[in-house]
Amino acid sequence: KQWYQRRVRALNMGIRMGMDRKLLSEIMSKSTARCWSIDTYNPVPGVLEGVPASREYQGGFGATLMLKDLGLAESMATASQSPIQLGAIAKQTYETLCKDEEYAPKDFGVMFKYLQDQDS
């Protein structure tokens, strides 16, 4: 799940540097950044039709469910003595996001908007 947060931060940075969101997503989908969160479920509004980001993050897989899954992953990592430092950071970020009623009930891709709002 930390891979998702890294892609979201990269998209946010590129857009803030003036890149067109669709062009940036196209470039990332043809490079080593290519993954499901770029070419199938992009969290940037206006890039893909039919995904939660194009519907103000309505529907999809909820941010609170992502937080639950990150908690389960953290528990399994602890039980197996497998450190997941980046997973812990992702969980902390979703914990903070889910405390805010503006973001909590939405699709987990709302992390893009949350980080964009935090950086402004």
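These are my notebook entries on a predicted model of one protein chain.

**Entry 1: confidence**

I began with how far the prediction can be trusted. The mean pLDDT of the chain is 90, and 98% of the residues reach 70 or more. Among the elements, H4 has the highest mean, 93, while H1 has the lowest, 79. I kept a reminder beside that: where pLDDT is low, the predicted coordinates should not be read in detail.

**Entry 2: the core**

Next I looked up the largest nonpolar core, which has 31 residues. Which of them touch the most other members? I found Leu11, Tyr94, Leu97, Met111 and Phe112. Helices H1, H2, H4, H5 and H6 each give two or more residues to this core.

I then picked Phe112 and listed its contacts, skipping residues up to four places away in sequence. Phe112 touches Val8, Leu11, Asn12 and Ile15. The list goes on with Pro43, Val44, Pro45 and Tyr57.

**Entry 3: helix H4**

I turned to H4, which runs from residue 63 to residue 79. H4 has 17 residues and spans 24 Å from its first C-alpha to its last, close to the 24 Å expected at 1.5 Å a residue. Its buried residues are Ala63, Met66, Leu67, Asp69, Leu70, Gly71 and Ala77. Where do the buried residues of H4 pack? I found them against H5.

Leu67 makes a good example from this helix. Beyond its neighbours within four places in sequence, Leu67 is in contact with Lys91, Tyr94, Glu95 and Cys98. I also looked up Leu67 against Tyr4: the two are 63 residues apart in sequence and 13 Å apart in space, C-alpha to C-alpha. Just after H4, I noted that Gln81 takes a positive phi of about 55°.

**Entry 4: salt bridges**

Side chains of opposite charge can pair when their charged atoms come close. How many salt bridges does the whole structure have? My search gave 6.

One of them joins Glu74 and Lys91, at 3.1 Å from N to O. This pair links distant parts of the chain, with Glu74 in H4 and Lys91 in H5, 17 residues apart. Lys91 also meets Glu95 in a salt bridge, at 2.8 Å from N to O. Lys91 and Glu95 both lie in H5, 4 residues apart, about one turn of the helix. Together, Glu74, Lys91 and Glu95 are linked in a network of salt bridges.

Are the members of this network buried or partly exposed? Lys91 counts as buried because its relative accessibility is 15%, under the 20% cut-off. Glu74 is partly exposed at 28%, and Glu95 is partly exposed at 30%.

I found another pair in H6, where Lys113 and Asp117 sit 4 residues apart, about one turn of the helix. Their closest N and O atoms are 2.9 Å apart, and they form a salt bridge. Lys113 is partly exposed at 27%, and so is Asp117 at 30%. The spacing fits a rule I wrote in the margin: an α-helix has 3.6 residues a turn, so residues three or four places apart point the same way.

**Entry 5: a lysine without a partner**

Last, I checked Lys106, in the loop between H5 and H6. Lys106 is buried yet has no salt bridge. Why is Glu56, the nearest side chain of opposite charge, not a salt-bridge partner? Glu56 is 5.4 Å away, and a salt bridge needs the nitrogen within 4 Å of the oxygen, so the pair does not count. Glu56 is still one of the residues that Lys106 touches, along with Tyr57, Gln58, Phe61, Gly62 and Ala63.

How values were computed
Residues numbered from 1 in each chain as written. Predicted model: local features only at pLDDT ≥ 70, side-chain atom pairs only at ≥ 80, totals over all residues. Heavy atoms only, no water. Core = buried A, V, L, I, M, F, W, Y, C linked by side-chain atoms within 4.5 Å. Buried < 20%, exposed > 50% of the residue type's maximum accessible area, 1.4 Å probe, protein only. Contact = heavy atoms within 4.5 Å. Lys, Arg positive; Asp, Glu negative; His and termini not counted. Expected span 1.5 Å × (residues − 1). pLDDT = per-residue confidence, 0-100.
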